[in-house]
Amino acid sequence: MSTISSLGVGSGLDLNGLLDELEAAERMKLEPIVQQQEKHQTTISAYGQLEGALSGLQVSTAALSDPATFEAVSSEVNGDSVQAAASADAVPGRYQVEVEQLAQASSVATERVDDATESLGAGTLSFTLGNGETLDIQIAAEESSLEDIRDAINAENAGVTASIIHDGQGYRLSLVSSETGTDAAVTGIQVSGDLSQNLEMDATQDENGAFLEGGTYVAARNALLTVNGVAITSQSNMVEGAIQGVTLSLEEVGSSTVTVQQDTDVAKQAIVAFVDSYNALRATIGHLTSFDASDSDEEGGSTGGALLGNSTLRSIESQLRSVMNSGVEGDGYNWLFEIGITLNVDGTLRLDEAKLDEAIANDFSGVQAFFVGDAENPGLAQQLDDALEAILADGGTLDLAVSSLESQIERLDQQYIRTEQQIERTMERYRAQFVQLDLMVAQMNQTSQYLTEQFDMMNAQMGRK
């Protein structure tokens, strides 16, 4: 039996073109699968946008449900002698601060030498600090220049900082205690070995090596101040604990008044942020559920947002609406409108700042109770925070919805593969049938040609042609 190497050669028919058309028709079976996959991916992407807006709202509700937001304090200073920074532990009040003396670090310099790079000999530098600690630094002969000694002291990082000063006639080693106050003071320095012949302190020391006032020695001093008449001594000019929860930075000798007061602006800004984030969520939902009958797709149908009619979104809206409409139990504020927040027709919130300011000024603790609540009666922010946690947590409303779609996409992937395999088998069957058709038509053509030739010969013999 003869074979055909190229489909259509035997019959003269465009069988390849016909096969291509049949394959295109078969592959149309894949389009609904692809469209369904794309739809699910679009929905997952829309869920991502929704999750972002919900997370923004959760951040603001978490701040509003935190008692610390309503316990913020601020400090104000009248006078130039101090600066003040209040923490959440500060107690509101008015404090008179008198700075009598600033804390000071001790310092001393050596006698001058002509060359900062000249070796001064081996020896030991022994430092005594005000707190009784000692520091011994060994100096080798080959590393005994003023520069080497400076580097050796600083490498210890043990409460003494060294530098080199040029006084116009020579070089001096300047030694300064790293911190202020008498505990950190450099109270004495002993030099031994060959080094003692070339390096001396430019200050008087007693028989015990302790520095006396005079020469280049500057004695350490503690800060002295009073707070509401109570005398306080501090090793540093940064004073903590003199006023509960307040750090004082002493700037100069003099008098200042420090006022610590409750900072209601922190709470107000948290409430404003809550309104803004809730309205941002509503805007996102509006975009995801929009519908415009005048905007048509390629097939002539109306188009809408990716989550238009979505049951998961409707469930989330229902949960949030339930919290917003349920109010708060208690004797104080029970509804948002009582503190100046009302619901618009489109579902967004409108803030009346004047009314909110009035509520904060007249009953700040009531505003706190409305949003924070307590163990028995959770506030509005706490209720919202709990609802959002159930929506956004692993295994929550959104997570389950996304997981369901991802599972459907996986099943569609398998369906796509199976459909492709089915199409391939169908096309193989078509090709085999077309090969047989091509052969059959070719044989019929050959038979037709043979008969035609025979009839022509018979007619010629019979004289009919």
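User: In this predicted model, in which loop is the place of Asn-157?
Analyst: Two elements flank Asn-157: helix α3, covering 146–156, and strand β7, covering 160–166. The place of Asn-157 is in the loop between α3 and β7.

User: Is Asn-157 buried or exposed?
Analyst: The relative accessible area of Asn-157 is 68%. A residue counts as exposed over 50%. Asn-157 is therefore exposed.

User: What is the phi of Asn-228, in the loop between β10 and β11?
Analyst: Most residues other than glycine have a negative phi. Asn-228 is a residue other than glycine, yet its phi is positive. The value for Asn-228 is near 50 degrees.

User: Is Thr-226 of strand β10 buried or exposed?
Analyst: Thr-226 lies in strand β10. Its relative accessible area is 13%, and buried means under 20%. Thr-226 is therefore buried.

User: Which residues is Thr-226 in contact with, leaving aside its neighbours within four places in sequence?
Analyst: Contact requires heavy atoms within 4.5 Å. With those sequence neighbours left aside, the contacts of Thr-226 are Gln-96, Val-97, Glu-98, Glu-100 and Ala-231.

User: Which helix supplies the largest share of the largest nonpolar core?
Analyst: The largest nonpolar core has 50 residues, and Leu-50 is among those that touch the most other members. Helices that each supply at least two residues of this core include α2, α5 and α10. The largest share, nine residues, comes from α5.

User: How many residues are in the other core, which includes Leu-129 and Tyr-217?
Analyst: This other core lies apart from the largest one, and Leu-146 and Ala-203 are also among its members. Its residues number 27.

How values were computed: Residues numbered from 1 in each chain as written. Predicted model: local features only at pLDDT ≥ 70, side-chain atom pairs only at ≥ 80, totals over all residues. Heavy atoms only, no water. Helix = DSSP H or I, 4+ residues; strand = E, 2+ residues; numbered from the N terminus. Buried < 20%, exposed > 50% of the residue type's maximum accessible area, 1.4 Å probe, protein only. Core = buried A, V, L, I, M, F, W, Y, C linked by side-chain atoms within 4.5 Å.
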